[in-house]
Amino acid sequence: MYEFVSGPLVWIAFIVFVSGMVYQFVTMLRSARKDKVIYPYMSLKYSLRSLFHWMIPFASRNMRDRYEVTIVTFLFHICLILGPIFLLAHIAMFAFAWGFKWQTLSQVAGTYMTIVVILASLFLLLRRLMMPEIQFVTDPSDYLLLAIAAAPFITGLAANQQWFDYQTTVIVHIITGAVMLMLIPFTRLSHMLFFPFTRAYMGSEFGAVRNARDW
Amino acid sequence: MGLPAIPIVSDPGLDETVKGLTPEKIAKVVNRIIDSETAARFKVYMKTCVHCGLCSDACHWFLSNDRDPRFSPVGKVKQTLWEIIKRKDSLDPAFLKECSRIAHTECNVCRRCSMYCPFGIDIAYLLMVVRRICSELEMVPQFLQDTVNSHSVTMNQMWVKQDEWIDTLQWQEEEAKGEIKTARIPLDKEGADVFYSVIAPEPKILAQLIGNIAQIMAVAKVDWTMPSFDGWDNSNMAMYSGDFETMGRVERYHHEAALKLKARRIVMGECGHAFRGAAYDGPKWLGWKQPPIPLIHAVDFYHELITTGRIKIARKFKTPVTVQEPCNIVRGRGLGKKLREIIAATCEDFTPPYPDFEHNYCCGAGGGVINCGPPWKTSRVKGNEVKAKQLAETKAKIIITPCHNCHSGIEDIISGYKLGMHVKFFSEILMEVMEIPDELRA
């Protein structure tokens, strides 16, 4: 089992993830041609201006008004993306398989980043449960997606701390990680891919057409 | 969730239409619009929204209705589009009626929410897709549809006939000449520097505004014209009902009227939605990247007249003023700064509202909502309590609103919340403060 999940399954997950992202990207570009306003209005300058204001914490008004969400979501996304990429255990797996490695986080930093992701997920869950305007637009898939995103981190922490049988926990951890990767292109987790483009278009329309700010 | 019931409003445009609809008819239209009229924006927006609710605080309807989640931008999308996508082929007529109420009467498509969505999802555009579907099924509030019918038949919003139009202009020219000897309203003059266009309510109910502009043009010695023929009305309610074919015709007539007269540029009167239609919604539909000839809003024009000294200010306006920044020219065209500059040049005592500029709240009337007529007035005024509070805090006596929809909407808010304030167009301020050389006085 371990051989399967740590070998072929990881391959499958990455192949599905990458090809799914490419598919979504190409589909978006094609349908953007049909949406006649997109290419004519796109502007690099205003796309970057908009991205800048929405990728720097507190650079937009809503990020300042909802500062607690800003802090948590920035930490959440940074730890969620960078944590796994620079985690010692992950890099060690690659090093064993392929013989090359890259800069790693310290063990402690990796653990803390994992805990941040878990706590942030909890925050997002509570927010969803407690705020009427979010509860109103929540359906079961929202909880599921949050669970899918949090699961690799919860199981990763459990494996690292050896709370349960190590071998089993690692297997569950790899499966949850693979599931998340494979689902990114095909669920709302695809905002990972679409974010720069929706932002860029809105920035362009506000900047180049409407001569106004969008932050 | 124990939310209060939404008051039932009777509107023949919805109540009668609902009787003739079937799930099959609805499915046909929905599939056509979703499959062939929408593309990347619609599809990516629907896939990207993570239901985070961060757009909620942008909406004056949400803020004014005790943070009722049904009025948040994403809440409105959920109640309409999510359902439409989920059960495309089994949508009942009563549901479509709800869609029209939400999209036509409870959203001003002001685009404030797209500035609050972290992804920059154009939620107003999504609600416009709902309006489009409703309009294709003739599910449009009756008063709004009547203005669209008028556009379609007469090329103006208020059933103004050509002889009435010309007659009104002549009448206002007479009035203006009574004040300023050289005031004229030149009709169909070829090659003028300015083609001036107004919305149909001006000749219909606010004719003195045309007289005012005749005086301003005379004092500033502007070479201008207005057309005697269709295309003079720059308003466009079809843009808001979802009847984009009619919207396109109206915009084409307006631009072509100016082209026919070989005008150097179009100056549009103080109206926000009209500017939106002429500057981007119309061109977008017509496949033009930009309008064919330069087009500016009155605020831009007055700014030019004042800063170049063609209009001099004799005395500043003394009464305390604040401003209603129309979404379609401030969030929609970045004219906020110029608007402030002309106010600073003409008014002594100005208090800005908070929030302001692009972040100012919508008046609650734009986006075709006020055009849905008296049946929806109560919910419209209730839906903008936050604006009443914002205006009251400025302690101003006069609210300068360079937009017709804002003007009427703010009037309703003033009376609804007993604010004891008054609304003025910028041109009305200008009329009181501009210097009129003695040799021009009648």
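Analyst: Before we start, a helix here is a DSSP run of H or I with at least four residues, numbered from the N terminus. Do keep in mind that this is a predicted model.

User: Thanks! Where does that put B:D66?

Analyst: B:D66 sits in the loop between α5 (60-64) and α6 (73-86) of chain B.

User: What makes the backbone of B:D66 worth a look?

Analyst: Its phi is positive, about 55°, although B:D66 is not a glycine. Most residues other than glycine have a negative phi.

User: Why is B:D66 called exposed?

Analyst: Exposed requires over 50% relative accessible area. B:D66 has 69%, so the word fits.

User: And why is B:K221 called exposed?

Analyst: Its relative accessible area is 60%, and the cut-off is over 50%, so B:K221 qualifies too. B:K221 lies in the loop between α12 (208-220) and β2 (224-225) of chain B, and it also has a positive phi, near 55°.

User: What makes the bond from B:Y354 to B:P355 cis?

Analyst: The omega of that peptide bond is near -5°, and the bond is cis. Most peptide bonds are trans. B:P355 belongs to the loop between α18 (336-346) and α19 (377-382) of chain B.

User: How do you know that the length of helix α8 of chain A agrees with its residue count?

Analyst: Helix α8 (residues 107-130) has 24 residues, which at 1.5 Å a residue should span 34 Å. Its end C-alpha atoms are 35 Å apart, so the two agree.

User: What covers the buried residues of α8(A)?

Analyst: The cover includes α6 (67-85), α9 (132-135) and α10 (140-161) of chain A. Among the buried residues of α8(A) are A:M113, A:V117 and A:L124.

User: Why is the pair B:R111 and A:E205 called a salt bridge?

Analyst: The rule asks for a side-chain nitrogen of Lys or Arg within 4 Å of a carboxyl oxygen of Asp or Glu. The closest N and O atoms of B:R111 and A:E205 are 3.8 Å apart, so the pair passes. Across the interface of chain B and chain A, the rule finds six salt bridges.

User: Which helix gives the largest share of the side of chain B that touches chain A?

Analyst: That is α4(B), with seven residues. The residues on this side of chain B divide into 26 nonpolar, 13 polar and 14 charged.

User: How many residues does each chain bring to the contact?

Analyst: Chain B brings 53 and chain A brings 43. The area buried between the chains is about 4,300 Å², with 56% from carbon and sulfur atoms. B:K47, B:H51 and B:F119 supply 14% of the area that chain B buries against chain A, more than any other three residues.

How values were computed: Residues numbered from 1 in each chain as written. Chains lettered and ligands numbered in written order. Predicted model: local features only at pLDDT ≥ 70, side-chain atom pairs only at ≥ 80, totals over all residues. Heavy atoms only, no water. Helix = DSSP H or I, 4+ residues; strand = E, 2+ residues; numbered from the N terminus. Expected span 1.5 Å × (residues − 1). Buried < 20%, exposed > 50% of the residue type's maximum accessible area, 1.4 Å probe, protein only. Contact = heavy atoms within 4.5 Å. Buried area = accessible area lost by both parts, 1.4 Å probe. Nonpolar A, V, L, I, M, F, W, Y, C, P; charged D, E, K, R; others polar.
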